[in-house]
Amino acid sequence: MWPFKKRISLKASGIFAGLTDWHSHILPGVDDGVQTMEESLAILQQYEVLGVKAVWLTPHIMEDIPNTTMRLKERFAELQQAYPGPVALHLAAENMLDHLFEERLESNDLLPIGDAGNRLLVETSYFNPPMNLYETLECIKSKGYYPVLAHPERYVYMGNRDYRRLKEMGVEFQLNLPSLTGLYGKQVQATAEQLEKRGFYNYKGTDIHTIKWLLHIK
């Protein structure tokens, strides 16, 4: 049973002990997530208390937030220098499947996720799929990468048939832990519970954008 339903503390639940957070917006000042270095460090200090082992920093890259690889690497180096703690920091990106992504994929200008460097964290609009969704996913695979779909439980246009097709294609799924707390609504929670029960998730992440999220689920 999901421990947060019992309204115990995060630390007491043990759900974060040894966790690698595969989706976060902790890198400061680069997207709609954390804006200051101070808040980034405060979140990482809370991660230490909770027992988080490692975190992948996955800032948005999309047409509306056209982060460059160089800019993100520079900001990541600044955070590494500012944070002396035990939580291992890794840099990747959350890639919107749009025209900018197609250009970056073609030029191999990417920030992959995972130690092997052969996975890409991708997302779509919550409400509508890109017209060439499956073709783009196949193109990712043809380039030697495994697509990892961020928070599939949150896409309102997807149903059981879509999830099955994606898994049959070899697409991996990343769960947003807050989905299981009802943070995004009852329907998203129900979908997340169903996908988890079916063993469809490969990775877990917080998708944390602010330290207030930690306060919400305490």
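These are my notebook entries on a few residues, cores and ring pairs that I looked up in this predicted model.

**Entry 1: Val148**

I started with Val148 and found its place in strand S7, which covers residues 146-150. Is Val148 buried or exposed? Its relative accessible area is 3%, and buried means under 20%, so Val148 counts as buried. I then listed its contacts, leaving aside neighbours within four places in sequence: Arg119, Leu120, Leu121, Val122, Glu172, Gln174 and Tyr203. I also checked the separation from Glu39, which is 109 residues away along the chain; the two C-alpha atoms are 27 Å apart.

**Entry 2: the nonpolar cores**

Next I looked at the largest nonpolar core, which has 55 residues. Which of its members touch the most other members? I noted Tyr47, Leu137 and Ile140. Helix H2 (residues 37-50) gives this core its largest share, six residues. Apart from this core lies another one of eight residues, including Trp22, Ala92, Ile113 and Leu121.

I followed up on Ile140. Beyond four places in sequence, Ile140 is in contact with Leu97, Phe101, Leu105, Leu120, Val122, Tyr145, Tyr146 and Pro147. Leu120 and Val122 were already on my list for Val148, so to speak old friends by now.

**Entry 3: Glu153**

I went on to Glu153, in the loop between S7 and helix H6 (160-168). Glu153 is buried but has no salt bridge. How far away is the nearest side chain of opposite charge? That side chain belongs to Arg154, and the distance is 6.0 Å.

I then asked what the side chain of Glu153 does reach. One partner is the backbone nitrogen of Asn176, at 3.2 Å. Another is the side chain of Tyr201, joined to that of Glu153 by a polar contact of 2.8 Å. Both Asn176 and Tyr201 also appear in the contact list of Glu153, which leaves out neighbours within four places in sequence. Others in that list include Tyr163, Gln174, Leu175, Ser179 and Val188. I also wrote down Thr191, Ala192 and Leu195 from it.

**Entry 4: aromatic pairs**

I searched the whole structure for aromatic pairs and got seven. Why is the pair of Trp22 and Trp56 called stacked? The ring centres are 5.8 Å apart and the planes meet at 15 degrees; planes under 30 degrees apart count as stacked, so this pair does. The two residues are 34 apart in the chain: Trp22 sits in the loop between strand S1 (20-21) and H2, and Trp56 in strand S2 (residues 54-57). Trp56 is buried, at 6% relative accessible area. Ring pairs also bring in Tyr203, which forms a cluster with Trp22 and Trp56.

I looked up Tyr155 and Tyr157 as well. Their pair is tilted, with 5.9 Å from centre to centre and 35 degrees between the planes. Tyr155 is buried, with a relative accessible area of 1%.

**Entry 5: positive phi values**

Last, I checked two residues other than glycine that have a positive phi. For Asn108, phi is near 60 degrees. Asn108 lies in the loop between helix H4 (99-107) and strand S6 (119-123), and is partly exposed at 49% relative accessible area.

For His151, phi is near 35 degrees. His151 is in the loop between S7 and H6, and Glu153 has its place in that loop too. Is His151 buried or exposed? With a relative accessibility of 0%, His151 counts as buried.

Definitions and conventions
Residues are numbered from 1 along each chain as its sequence is written. This is a predicted model: local features need pLDDT of at least 70, side-chain atom pairs count only at pLDDT 80 or more; totals for chains, interfaces and linings use all residues. Side-chain values use heavy atoms; hydrogens and water are left out. Helices (H or I, at least four residues) and strands (E, at least two) are DSSP runs, numbered from the N terminus. Buried means under 20% relative accessible area, exposed over 50%, partly exposed in between (1.4 Å probe, protein chains only). Contact means heavy atoms within 4.5 Å. A nonpolar core is a set of buried Ala, Val, Leu, Ile, Met, Phe, Trp, Tyr and Cys residues joined through side-chain atoms within 4.5 Å. Lys and Arg count as positive and Asp and Glu as negative; His and the chain ends are not counted. A salt bridge is a side-chain nitrogen of Lys or Arg within 4 Å of a carboxyl oxygen of Asp or Glu. A polar contact is a pair of N or O atoms within 3.5 Å; within protein, one must be able to donate a hydrogen and the other to accept it, and residues adjacent in sequence count only if both atoms are side-chain atoms. Rings of Phe, Tyr and Trp (its six-membered ring) pair if their centres lie within 6.5 Å; planes under 30 degrees apart count as stacked, over 60 as edge-to-face and the rest as tilted.
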